[in-house]
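Visitor: I have a structure open and I'd like to learn how to read it. Could you take me through some features, one at a time?

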Amino acid sequence: GIVVGDDVYSVTDKVASWTDPVPMWQTLRALHLDMRSVEERLCVGDSLSYRNLTSEGRLLPPVLAPEVWASGVTYERSRVARNAETQLQDSVYDRVYTATRPELFFKATAERLVPPGQSLKLRSDSAWMVPEPELSVVISSHGDIIGYTIGNDLSSRDIEGENPLYLPQAKIFAASCSLGPALVWCDPTVDPLAWEIEMRIERAGDTVFLGNVALTQLRRPLSELVSYLLRDNPILDGTTLMTGTGIVPPDEFTLQPGDVVAIEIQAIGQLVNPISAQGTRT
Ligand code: DO4
Ligand code: MG
C-alpha cells in the first residue's frame, strides 16, 4: 500500500505484480516516472487508516528483504558501549571505528524478520539484551538506495562481550530483527541526515528508557556502507542494510519479556515491537 497522510491505498488490487516496493521502483525507473505520478493515478478510491493498521499489528515488513545485513560501531556511543562490554585494551571496536573498512555483518534472513507490532524474542542463553534502533536502507542488487526504513537490531551484549567472535550468536537468532513500519522512497528531496532517531522502552506502563540521536552523528556516508557491502558480494534486490546504532541504554539495563520498544524517525513513522521469550507465541 501507499501511505498518504493517514490513508493507505492498496496498489496490489490495481497492479497485481506490485506486491513489493522493489518491482514498483524498477517499473517507475524504467518509465522515468516519479512517485507523485503514481500517487495521482493509484491513490484514489477506498483507503484504510494507517494508524489503525499500525496499532492493530496488521502490517508486514515494508519490503520482502531476502537478507538483512548490518553495520557496526558507526556512532561514538556504540564504540563506547562495546568497549564497556568487552573490557579489552586497544579493542577491535576502537580500531574499526576509525578504520577505512567498516564493520558489516550478516543479521537476518526473511524467516528471522518480525513484522511491525509483533514480538522480538530474547535469547534464552543471554542475560543482557538490548534493542538497537537503526536507520536502514533498502537497496537494489546494484546498490541503488531504493528507500529508507527503521530497523531494530536486537542484540545480546553478554555473548558478544565474552568474545567478539561470538558476534553471529549475539546477533542472529529467531525473531532477532524487525523492519518498518513504512518505507520512504529515496528521492533528491529526502535527506536522512536531517533526521533524528528516538527510542522509548516501556515496562508495565512506565518509560524505563528514552534516548535519541541525530543522523548527523553517523560516522560514515550511507553510500560507503552500501559500496563495501557490494564488494565481491552478490546482493539480491530488496536487501536491507542497517546502518548501526547511536543509542545504547545504560550498562545496567537489560530487556525483559513484556517490555515494549518503540523506535521513531518522524519522516518514516514508529516501529513498535513487544519483547517476549523464545518459545512463546507472538
Ligand atoms: O560490533 C558489533 C555490533 C555493533 C552494532 O550492531 C552497532 O553498532 O549497531
Ligand atoms: Mg546494531
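Visitor: Let's start with Arg220: is it buried or exposed?

Guide: Keep in mind that this is a predicted model. Buried here means under 20% relative accessible area. Arg220 has 5%, so it counts as buried. Its salt-bridge partner is Glu224, with the closest N and O atoms 2.8 Å apart. Glu224 comes out as partly exposed because its relative accessible area is 23%.

Visitor: What's the general idea behind a salt bridge, and how many are there by this rule?

Guide: Side chains of opposite charge can pair when their charged atoms come close. In this model the count comes to 15 salt bridges. Some of them share partners, and in that way Arg82, Lys107, Glu132, Asp153, Glu160 and Lys171 are joined into one network.

Visitor: Show me a pair from that network. What does Glu132 form a salt bridge with?

Guide: With Arg82, at 2.9 Å between the closest N and O atoms. Glu132 sits in the loop between strand S8 (129-130) and strand S9 (133-139), while Arg82 belongs to helix H4, so the pair ties together parts that are 50 residues apart in sequence. Both Glu132 and Arg82 are buried.

Visitor: And where do Lys107 and Asp153 lie?

Guide: Lys107 is in strand S5 (residues 103-109) and Asp153 in strand S10 (residues 145-153), so you're looking at a link between distant parts of the chain, 46 residues apart. Their side chains meet in a salt bridge of 2.8 Å, N to O. Lys107 has a relative accessible area of 0%, so it is buried. Asp153 is buried as well, also with 0%.

Visitor: Helix H4 came up just now. Which residue of it should I click on next?

Guide: Try Ala84, which lies in helix H4 (residues 76-86). Ala84 is partly exposed, with a relative accessible area of 31%. Its C-alpha atom is separated by 7.9 Å from that of Asp251, although their positions lie 167 residues apart along the chain.

Visitor: What about Asp259: where is it found?

Guide: In the loop between strand S15 (240-242) and strand S16 (260-265). Asp259 is buried, at a relative accessible area of 1%. Its side chain is joined to that of Arg203 by a polar contact of 2.7 Å. Beyond its neighbours within four places in sequence, Asp259 is in contact with several residues, including Phe253, Asn273 and Pro274.

Visitor: Now the bigger picture. How do I read an interface between domains?

Guide: The size of an interface is often given as the accessible area lost when the parts come together. Here the domain assignment gives domain 1 (2-55) and domain 2 (67-277). Between them they bury about 880 Å², 69% of it on carbon and sulfur atoms. Val22, Trp25 and Tyr50 supply 51% of the area that domain 1 buries against domain 2, more than any other three residues.

Visitor: How many residues are in contact, and how far apart are the domain centres?

Guide: Nine residues of domain 1 are in contact with 11 of domain 2, and the C-alpha centres lie 27 Å apart.

Visitor: Which salt bridge crosses the interface?

Guide: The rule finds one across it. Asp144 pairs with Arg29, with 3.6 Å between the closest N and O atoms. On the side of domain 1 that touches domain 2, helix H1 (21-30) and helix H2 (35-42) each give two or more residues. H1 gives the largest share, six residues. That side divides into six nonpolar, one polar and two charged residues.

Note on methods. Residues numbered from 1 in each chain as written. Chains lettered and ligands numbered in written order. Predicted model: local features only at pLDDT ≥ 70, side-chain atom pairs only at ≥ 80, totals over all residues. Heavy atoms only, no water. Domains from an automatic or database assignment. Contact = heavy atoms within 4.5 Å. Buried area = accessible area lost by both parts, 1.4 Å probe. Salt bridge = Lys/Arg side-chain N within 4 Å of Asp/Glu carboxyl O. Helix = DSSP H or I, 4+ residues; strand = E, 2+ residues; numbered from the N terminus. Nonpolar A, V, L, I, M, F, W, Y, C, P; charged D, E, K, R; others polar. Buried < 20%, exposed > 50% of the residue type's maximum accessible area, 1.4 Å probe, protein only. Polar contact = N/O pair within 3.5 Å; in protein donor to acceptor, adjacent residues only side chain to side chain.
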